[in-house]
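The following exercises are to be worked with the sequence and the coordinates at hand. Each task is followed by a solution in steps.

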Amino acid sequence: MKKITFLLVLLVGQTILAQIDSSGPQPLSWKLTTAYDAPIEKFKNVPFDELAKEDAKNDLDKSIPWRFGYDFSANIDPDTHGQKIILDNGDQLWRVRIQSPGAKTINIFFDWFDLRPGAWMRVASHDKSDLSKLFTYEQNNVNKAIGIWPVESDDVWVEFYQPQNSIGQSRLEIGNVVHGYRTATDFNEAKALNDSGDCNQDVDCDITPSGADPFSIDQVKEDVKKSVAMLVSGNTGFCTGSLINNTANDGAPLFITANHCGNSVAGWAFRFNWRSPTPSCATTTASPNGTFDQTASGATLLMNNSGSDIQLVRITDTGFFNSNPDVVWNGWNKSGTTIPSMQFGIHHPSGDIQKTCRDDQPAAKQTTSFNGDPTTEVWRISDWDLGVTEPGSSGSPLFNQEGQLIGVLSGGAAACNGTNDNNAFDIYGRFDIGFSEGTTAATRLSDWLDPNNTGQITLGQYPPLQVFAIDASVAINDVPAEVCSGAINPVVQITNRGTSNLTSVDIIYSYDRGVTNTTISYTGSLAQGASDTVNLPSYTVTGTTSLNVRLENPNGVPDQNNTNDTITADFDLNSAPSFAANNTVVFNITTDNFADETSWQVTDSSGAIIGSGASGSLSSATTYNLPFNIMAGECYEFTIADSYGDGICCGFGQGSYTLTTDTGLQIFSGGTFGASEVTSFKIDSTAGLEDELQNSISIFPNPSSGVFNVESGLDAVKYDIYDLSGKLITSGNLTNGRSEINLNAVANGLYLINLSINEVQITKKLIKN
């Protein structure tokens, strides 16, 4: 089983959890008469006293996410647990019943999630009172993992349905079960005296200031509120963030929030448009719940930056966006010199209904120490004039008077004092710093929000507020910044932004801004918002190249909006060395005596982070084996950093590291560097011994109380056993036949055994209980 080594604890309020979703098939367990003949999976013995002591301290700290649940590690899959039922039409249903006695909610994290068309998964309460959204292949993502929103029950069904013609082609495994021991309602009741949050303003409250209102600020707020979502982050926190536009104006599912909300994003979940139908505007009256079922699951990390406390992710739930949700993408202002005249925020405090706040004085620039970075650049709000923020608001957008995003909430002391605020400050990580401060696509926003380097200082929201009758826009697809192979196959995307059907347009393109232009005449019929693509001829890349494309004469007349008619894509041929591998590259590191200074990450050619370890994740003077998944034909960049600037060898310990393919080829070795070291490499595909090794090894009993028998059909198989942090536990060799591995001396839990022979290796799980 593929194991993701981060856990998901979902943090939401009691009032939002009854989320019956009637779309798609209802749970078969609600009507099946077939008896459940498998053991019920039970998760109990939550350490409530220990949690209560920790929560009493942490709940007073606004910068620490509010914890909702206790996380149980699980190992549940259709081959070893639950019940399989063949339905009358030959389709298969697998179901498992999970209980966590006394839980207010149960949440499931799937560390394998890969569904084929026609298959689906759902989680439902046993008493038929609550139900998750329907999960299908449209929620598949590169992480092959996903988390769901909590189900309000201590007794749930997990159902996994496969059509007859594709049984066995999908894969689903449960890695974590979360016992929800408290809710946002409990949190509000447990707050200190006069800290009840009554000064908050629901987002539908009128925020017009008294006196002059030159910016029509309430209407500006109305224009952008549908971009904001409450998000459930990894481990033990919940935050707020928003969809954000890019200069291609293409509705790419980009979502911006705070870096301190955590970077393990595969299990993130998002809720949009949760608003009350009867808003409470700084009163003691609770906001009644609103109808909302717009949820998305799954994300990949694109960039993060501690100097601005900003991170950007791509939401991977295509099913959500294919359903035409009622959302917008924020515009932005990246000017480093313009000071806003006034500003407002939209957020979800303490897992609550969407709220808003307004400050009538210009925000001030400030450098502050935040989460270990002494040079974090922020906007400081000295005192809100209307409303406040609270824990859970972290990452929420700060808008200027034009409705352009200028920052994300990092922290502060602002809070309610009855129906008034406490006159304290808040700080927001500055968007302009996050836009350009970093040195790579993995550390700056510009590569993602201005992918074609237009140099725009400001950008409007998407869809645009102003609409034209004739408005054709252009984008370029399938042209990476670095080309791994020698040829590209560019795709021009034409989108009709206008109200009139687009029936024709000229596509004019050239390479390297040359004087020779090629024209393609496009004809079709595109309604407003519709897109079509035109494939350009294959082009061989030999070095630094630019592709320039513009649109002219839509419907035979001038375009009424020429701001989106032209685009340029710059790219280069990747010259990194190539290595053969099957599925993984392994980062082996022996840390020095100051391992808390060491961090690392791996990015692919799109800039997406596929593996990482933050400062503080490693122990000093310890050896780790940290594999990350790779794909054939892809280019990668590995970065190791030392926050003190003296590498990991050799003044304070003999640290070193290597990058090695699962075929035994060493990509790089080092340890002596300054602040950071970058290694670029490509991966070629290879076939070999992997299947034979996989099929020749069997381990039993597994789970075991300590002694595992290993049957091997091969000679000289080497094994290394690691815990989930990557720490080496023991090593040895297997002979042809039966060998014994004794883990009596280690704690109960999940371990990974790497088996290797002739430079090929595989990984299996060992479960000691």
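The model is predicted. In it, G411 touches F370, D426 and I427, residues up to four places away in sequence being left out.

**Exercise 1. Determine in which element G411 lies, and whether G411 is buried or exposed.**

Solution.
- Step 1: G411 belongs to strand β24, which covers residues 404-412.
- Step 2: The relative accessibility of G411 is 7%. The limit for a buried residue is under 20%, so G411 counts as buried.
- Step 3: The contacts of G411 beyond four places in sequence are with F370, D426 and I427.
- Step 4: Q654 serves as a distant reference: 243 residues separate G411 and Q654 in sequence, and their C-alpha atoms are 38 Å apart in space.

**Exercise 2. Identify which residues of helix α3 are buried, and explain why they line one face.**

Solution.
- Step 1: Helix α3 spans residues 217-224, and its buried residues are I217, D218, V220, K221 and V224.
- Step 2: Viewed down the axis of α3, the buried residues fall within an arc of 160 degrees, and therefore they line one face of the helix.
- Step 3: The cover over these buried residues of α3 includes the strands β11 (228-232), β19 (343-347), β20 (355-359) and β23 (397-400).

**Exercise 3. Describe the surroundings of K221: what does K221 touch, and which side chain is joined to that of K221 by a polar contact?**

Solution.
- Step 1: K221 is located in helix α3.
- Step 2: K221 counts as buried because its relative accessibility is 0%.
- Step 3: The side chains of K221 and D218 are joined by a polar contact of 3.1 Å. D218 is itself among the buried residues of α3.
- Step 4: Leaving aside residues up to four places away in sequence, K221 touches V203, D204, C205, I207, F344, I346 and T356.

**Exercise 4. For N249 and N273, state the sign of phi, the location and the burial.**

Solution.
- Step 1: N249 has phi near 50 degrees, a positive value in a residue other than glycine. For N273, likewise not a glycine, phi is positive and near 60 degrees.
- Step 2: N249 sits in the loop between β12 (238-243) and β13 (254-258). N273 sits in the loop between β14 (269-272) and β15 (295-297).
- Step 3: N249 counts as buried at 17% relative accessibility, and N273 is buried with a relative accessible area of 10%.

**Exercise 5. Give the division of the chain into domains, and characterise the contact of domain 4 with domain 5.**

Solution.
- Step 1: The domains are domain 1 (32-180), domain 2 (206-459), domain 3 (479-573), domain 4 (578-685) and domain 5 (689-768).
- Step 2: The centres of domain 4 and domain 5, taken over C-alpha atoms, are separated by 24 Å.
- Step 3: To their contact, domain 4 gives 12 residues and domain 5 gives 10 residues.

**Exercise 6. Work out the strand order of the open sheet that contains β50, and locate the cis peptide bonds at P701 and P703.**

Solution.
- Step 1: Three strands form this open sheet in the order β50-β51-β54, and their pairing is antiparallel.
- Step 2: The edge strands, each paired on one side only, are β50 and β54 (737-742).
- Step 3: On average, and ignoring direction, neighbouring strands of this sheet are turned by 25 degrees against each other.
- Step 4: β50 and β51 are joined by four bridges; I699 has V710 in β51 as its bridge partner.
- Step 5: The loop between β50 (697-700) and β51 (707-712) holds P701, and P703 lies in the loop between β50 and β51 as well.
- Step 6: F700 and P701 are joined by a cis peptide bond with omega about -20 degrees. The bond from N702 to P703 is also cis, its omega being near 15 degrees.

**Exercise 7. Establish the order of the four-stranded open sheet, and name the bridge partner of S756.**

Solution.
- Step 1: The order is β53-β52-β55-β56, with antiparallel pairing.
- Step 2: β53 (728-734) and β56 (760-768) are the edge strands, each pairing on one side only.
- Step 3: Neighbouring strands here are turned by 20 degrees against each other on average, direction ignored.
- Step 4: Strand β55 (residues 749-757) is joined to β56 by nine bridges. The partner of S756 in β56 is Q761.

Note on methods. Residues numbered from 1 in each chain as written. Predicted model: local features only at pLDDT ≥ 70, side-chain atom pairs only at ≥ 80, totals over all residues. Heavy atoms only, no water. Pairing = 2+ DSSP bridges. Helix = DSSP H or I, 4+ residues; strand = E, 2+ residues; numbered from the N terminus. Axes fitted to C-alpha atoms, helices over the stretch in contact; angles between N-to-C directions. Buried < 20%, exposed > 50% of the residue type's maximum accessible area, 1.4 Å probe, protein only. Arc of directions from axis to C-beta. Contact = heavy atoms within 4.5 Å. Polar contact = N/O pair within 3.5 Å; in protein donor to acceptor, adjacent residues only side chain to side chain. Domains from an automatic or database assignment.
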